[in-house]
Amino acid sequence: MAIASVVWLRSEDGELYGVFMFFGLEENSISLEHTSMDYVAFGQGEQSLVILPGLSDGFKTVKGQAIPLLLYYRQFAKSFRVYVFSRKRTLTKNCSTREMAKDQNVALEKLGIEQPYVMGVSQGGMIAQHLAIDFPGSVKKLVIAVSLAKQNKTIQRVVNSWIQMAKVDNYQLLVIDTMEKTFTDKQLKRYRPFYPIIGRIGKPESFTRFLIQASACPQHDAYQGLETILCPTLVIGGECDRVVGKGTSQEIAARIKHSQLVVYGGLGHGAYEEEKDFNQQVKRFLVCT
């Protein structure tokens with residue numbers, strides 16, 4: 001589908017950003033405490049839908065990803081005004097998922113986004129939990145996807161191994177291992193032929209953001225606070241998740257009173273990509289409940 005011509009505008013800090021008029025596609029950033037937070041926005045709806053991505057945000061923010069994000073989340077474009085946020089460009093050392101949620105709430109307030117629906121994927125789901133717990137007025141409906149409520153042996157082992165790969169600058173092995181642990185063999189057959197060239201493209205100039213974000217995952221703990229979440233919540237995951245561990249979606253749903261649970265059999269951490277019904281399942285929940 002052709003997208004209408006882009007109009008370039010200049011933000012207050014002098015940066016140029018583009019707005020695709022057809023979908024209202026906007027790529028921008030907002031200033032936060034001596035740094036900034038990148039985001040992409042699109043869609044025609046009056047209700048705001050905020051999407052918080054996973055740990056891959058540590059490699060690259062959403063800057064420059066406007067069109068791929070629009071295409072991936074196009075099912076939501078007619079019903080919602082969609083915002084896909086990165087974490088802050090510069091994160092403080094030992095920044096926790098709770099502090100990331102606080103940053104996110106400040107960004108929502110600055111942009112005037114009131115009572116959005118919020119979907120967090122993987123680490124984004126951890127941040128979304130704290131957002132709903134600490135700032136209940138900021139979340140009207142909540143979707144927690146392929147995430148967990150508190151640290152366990154699986155995420156400690158997996159993420160700590162990724163941290164060690166990043167520390168020795170082995171980007172190729174890091175990306176391959178994340179893919180091997182995220183997707184099923186069926187999906188991996190499509191990716192494995194490209195493994196020899198992985199590491200030559202997409203490598204970040206610095207692993208600093210990734211290391212800070214990754215270190216926050218094994219420390220995440222929102223378990224006790226989940227019972228205070230009162231907004232309608234969908235918890236969705238894969239039965240065979242080798243990143244956050246098995247049964248984590250069930251654990252989250254058991255703690256949240258007004259929650260629905262969907263677990264895809266045979267899929268793992270990559271259920272959000274492999275299951276064709278995933279985005280439609282989320283949309284049904286947001287529109288119908």
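These legends accompany close-up views of the cavities in a predicted model.

**View 1. Two cavities in the predicted model.** Welcome to the interior: the structure contains two cavities of 30 Å³ or more. The largest encloses about 50 Å³ of space, and the second largest about 40 Å³.

**View 2. Residues around the largest cavity.** Take a look at the lining here, which is made up of Met37, Leu52, Ser86, Arg87, Lys88, Leu91, Met100, Asp103, Gln104 and Ile127. Two elements, strand E6 (80-88) and helix H2 (97-111), give two or more residues each to this lining. Sorted by class, the lining of the largest cavity has five nonpolar, two polar and three charged residues.

**View 3. Residues around the second largest cavity.** This close-up turns to the cavity of about 40 Å³. Val146, Ser147, Gly237, Gly238, Asp241 and Gly245 are among its lining residues, and the list also includes Lys246, Gly247, Thr248, Ser249, Gln250 and Val263. By class, the lining of the second largest cavity holds two nonpolar, eight polar and two charged residues.

**View 4. Strand E9 and helix H8 at the second largest cavity.** Now for the elements behind that lining: strand E9 (233-238) and helix H8 (248-255) each provide at least two of the residues. Which element gives the most to the lining of the second largest cavity? That is H8, with three residues.

Conventions
Residues are numbered from 1 along each chain as its sequence is written. This is a predicted model: local features need pLDDT of at least 70, side-chain atom pairs count only at pLDDT 80 or more; totals for chains, interfaces and linings use all residues. Side-chain values use heavy atoms; hydrogens and water are left out. On a 1 Å grid over the protein atoms alone, a cavity is a set of points where a 1.4 Å probe fits but cannot get out, and a pocket is an open set with protein on both sides within 12 Å along at least five of seven lines; lining residues have an atom within 4 Å of a point. Grid points are joined across faces, edges and corners, and a volume is the space filled by probe spheres set on the points. Helices (H or I, at least four residues) and strands (E, at least two) are DSSP runs, numbered from the N terminus. Ala, Val, Leu, Ile, Met, Phe, Trp, Tyr, Cys and Pro count as nonpolar, Asp, Glu, Lys and Arg as charged, and the others, Gly among them, as polar.
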